[in-house]
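Welcome to a short set of worked exercises. Have a look at the sequence and the model, try each task yourself, and then follow the solution step by step.

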Amino acid sequence: MIGLTHFLIVGVIVFSLGVFCVLTRRNAVGILLGLELMLNAANLNLLAFARFGGGAADGNVFVVAVIFLALAAVLVGLAIVLSVHRSFGTVDVRAAETLRG
Amino acid sequence: MGVAEPSLACLVGLPLLGALGIGLGGSRLQRRIGASGLGAIASAPIAVATALTVRALAQLMANAPDARILDVRVGTWLAVGDLQVDATLVFDPLSALMALLVTGIGALVCVYSAGSMRDEPGLWRYFALLNLFIGAMLLLVLAGDLLVLFVAWEGVAFCSYALIGFWYRDAANANAGAKAFIVNRVGDVGLLLGISLLFWAMHAAGKPTTDIGELARHSDVLAGATLFGWSVPALATLLLFVGAAAKSAQFPLHVWLPDAMAGPTPASALIHAATMVTAGVYLIARLDFLFVLAPSTQALIAWVGAVTAFLAATAAACQDDIKKALSYSTVSQLGLMMLALGVAAPSAALFHLTTHGVIKAALFLGAGSILHAMRNDRDLRHMGGLRRWLPWTHGAFVVAAAALAGIPPFSGFFSKDEILWRALAADAGGPLLWFVALLTSALTSFYAFRLVILAFHGDNRSEAHVREGLHESPRAMLVPLSVLAALAVSLGFLGLPDVFGGTDRLGTWLSPTFAALVPETAAPTSVAARYLLAVTTAAVAFGGLTLAHAMYISHRVSSDAIARIAGGVPLRWIQAGYGFDALYRAVFHRGVRQLARASAALDRGGIDAGVRALGASVRGIASATAAFDRLAIDRTIDRSGGAVLRIGGWIRALQTGSIHVYLYIAVIAVAAAIVLHLIGPR
């Protein structure tokens, strides 16, 4: 029926979509969304292996940790985006290229 | 060694003290008490010295002939290493003669000066120098040690310099004084070298001394000493003769004496006629014991003397300046004295020294009297017929001139005749020497009477205003003049030789000084020959008189005839003294200047150039170093700095500031890490 492989494939698809978002979006929030996608794809993987890979609940616990970490990362990220917006008047990452050589 | 006589120290010291006193207080004194008073005070030391001399002379005469020495040791002057010089004064017959001459003529000159220089503002200076001179001259003739004599030698040279250049504001006078001193200095080199040589010889023999008595006693030691193969007596006497020749104005060191006439005439009478110039003759006579050991030097002395005598006499005959004529005459007569010394007849030389001293002093004082009347115009061509206005002066002058000419029975005849006789009998070319001396005597007579005639006889050639002022001199001047003239007449008795009925008192008097050491060459005594010679001498004297008369009174002989006899030699050149001054100017003055210029050029071109080159090279090194610094070092640093900047630039380029780029790099790096991990470590 729906086995491990299906979860893993969905996970890969979501991860690649997340990578694509991170690499190509102009909007800073969009990059953060991509980051979330990658993290959640990793969560899917973990949950998949936790459900189908034996009885151990290690995976579930790890997922909770990952969710908290993603939360922290997004918090800090959004704070930076807000600061950038205040300085440059926009969230387009191409506007914040002033720190360069 | 002789009898001690402390008053000798006073004899020398009083004039010196007088000089000091007058020198310090004289100007005030002169303003206070005037010229006559000053003259009296200035003459006092000399008068006392004269009295002391006479007293000492009497003492000597009272002793037996071989015990006639008085001496006094005033103290040790120098004590250096092996040399000990005592300031000893020795009064023996020779010094007695010289001292009497110095003090006697000195006193007369003092009296005369008070009269002739009455209006001179610097009179106190003059008297101080005169006293100093007499003191120094007395020290010279009484010196018992050669080094003390040398000090006195320099002392009289200084006084001569100061008195010649007395009117120093005129540069010509000052230069004449300097000339006298410098030429004397040249001689002093020889004198000092001679003294040193004698000391060295004595020292080598174990008796280091310069005392004259000691040297005389050890003359045998000196006789045998040699220096690099040269005989010490020959060398030493040669050097000493150089000194004597400068002081006694022999050729070629005579050039200072004609110029010395720039000084006051009484000073010339004392210094350049009777005393200082005779110091050279005195030196040779005093060291007679040494000179007899060197016959070659004696021959040289005789010939130098003869040549000097003759050439100076020719020059004297051509002078228009009365004082210059007398000075050349002095040179000539000194030459005759040297001739006498050269033929080993020192007493004849000293006889002539005495008579000439008196005669020449009289002539100079007479000339001074003439100048006093002529307002100091010395040119004979402006004189003439002066006997009308100056009868006394004329009388004295004629007498003295006759004595100089050698007219018998005046003193000059006897002394000159003695010299001629000794010259004839000499070894080294005697007859030739005699002939030269005879010619000189003829010339002497000629120029002596020429002076008399041109000055006193004939028509007066002065300008009207001068003629109006002609007057006889005051008594202060005439008395000394007359005294000297009288002596010039009578002094012949002193040396009257046996053949003429005299006893040669002077020769006998002096013989202890000479005979005790070496017996004087006895002249051959053929009476007939002696008389014949005397007649010749007298004839020559009268011949000169005749020629002068013919030329200047009866005008039968003209100067053209003389010029023809002289063989075409220009009389102007003879008058200028045979061009010695021009020669010395060319060699020494120009030579020294050229040497100075060459040295300066060497200094500029060589040394300065070297220093500048050194500076330039240092500057070159500095700029090279700077260039190196600039090109090499700076460039290296600049380049390395630039390289760092460039690399930094490249690395900086990585910092694009673009988030997308950073994310791409992060993803690719993670992917690469995963791949590498999967491939796995082997």
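**Exercise 1.** Which side chains meet Asp379(B) or Arg381(B) in a salt bridge, and how exposed is each partner?

Solution. Start with the pair: Asp379(B) and Arg381(B) form a salt bridge, with N and O 2.9 Å apart. The rule asks for a side-chain nitrogen of Lys or Arg within 4 Å of a carboxyl oxygen of Asp or Glu. Next, look at the cover: Asp379(B) has a relative accessible area of 15% and is buried, while Arg381(B) has 45% and is partly exposed. Here buried means under 20% relative accessible area, exposed over 50%, and partly exposed in between (1.4 Å probe, protein chains only).

A note before you go on: this is a predicted model, in which local features need pLDDT of at least 70 and side-chain atom pairs count only at pLDDT 80 or more, whereas totals for chains, interfaces and linings use all residues. Residues are numbered from 1 along each chain as its sequence is written, chains are lettered from A and ligands numbered from 1 in the order in which they are written, and side-chain values use heavy atoms, without hydrogens and water.

**Exercise 2.** Find the salt bridge of Arg94(A) and describe the exposure of both partners.

Solution. The partner is Asp92(A), and the closest N and O atoms are 3.4 Å apart. Arg94(A) is partly exposed at 47%, and Asp92(A) is partly exposed at 21%.

**Exercise 3.** Where do Glu418(B) and Arg422(B) lie, and are they buried or exposed?

Solution. First, both belong to helix α17 (residues 411-424) of chain B, four residues apart, about one turn of the helix. Helices are DSSP runs (H or I, at least four residues), numbered from the N terminus. Second, both residues are buried. Third, a salt bridge joins them, with closest N and O atoms 3.6 Å apart. Elsewhere, salt bridges that share partners link Glu154(B), Arg185(B) and Asp188(B) into one network. Over all chains the count comes to ten salt bridges.

**Exercise 4.** Place Glu154(B) in its surroundings.

Solution. Begin with the element: Glu154(B) sits in helix α4 (residues 146-164) of chain B. Then check its cover: Glu154(B) counts as buried at 15% relative accessibility. Finally, list its contacts (heavy atoms within 4.5 Å). Setting aside neighbours within four places in sequence, Glu154(B) touches Phe181(B), Arg185(B) and Asp188(B).

Terms used: Helices (H or I, at least four residues) and strands (E, at least two) are DSSP runs, numbered from the N terminus.
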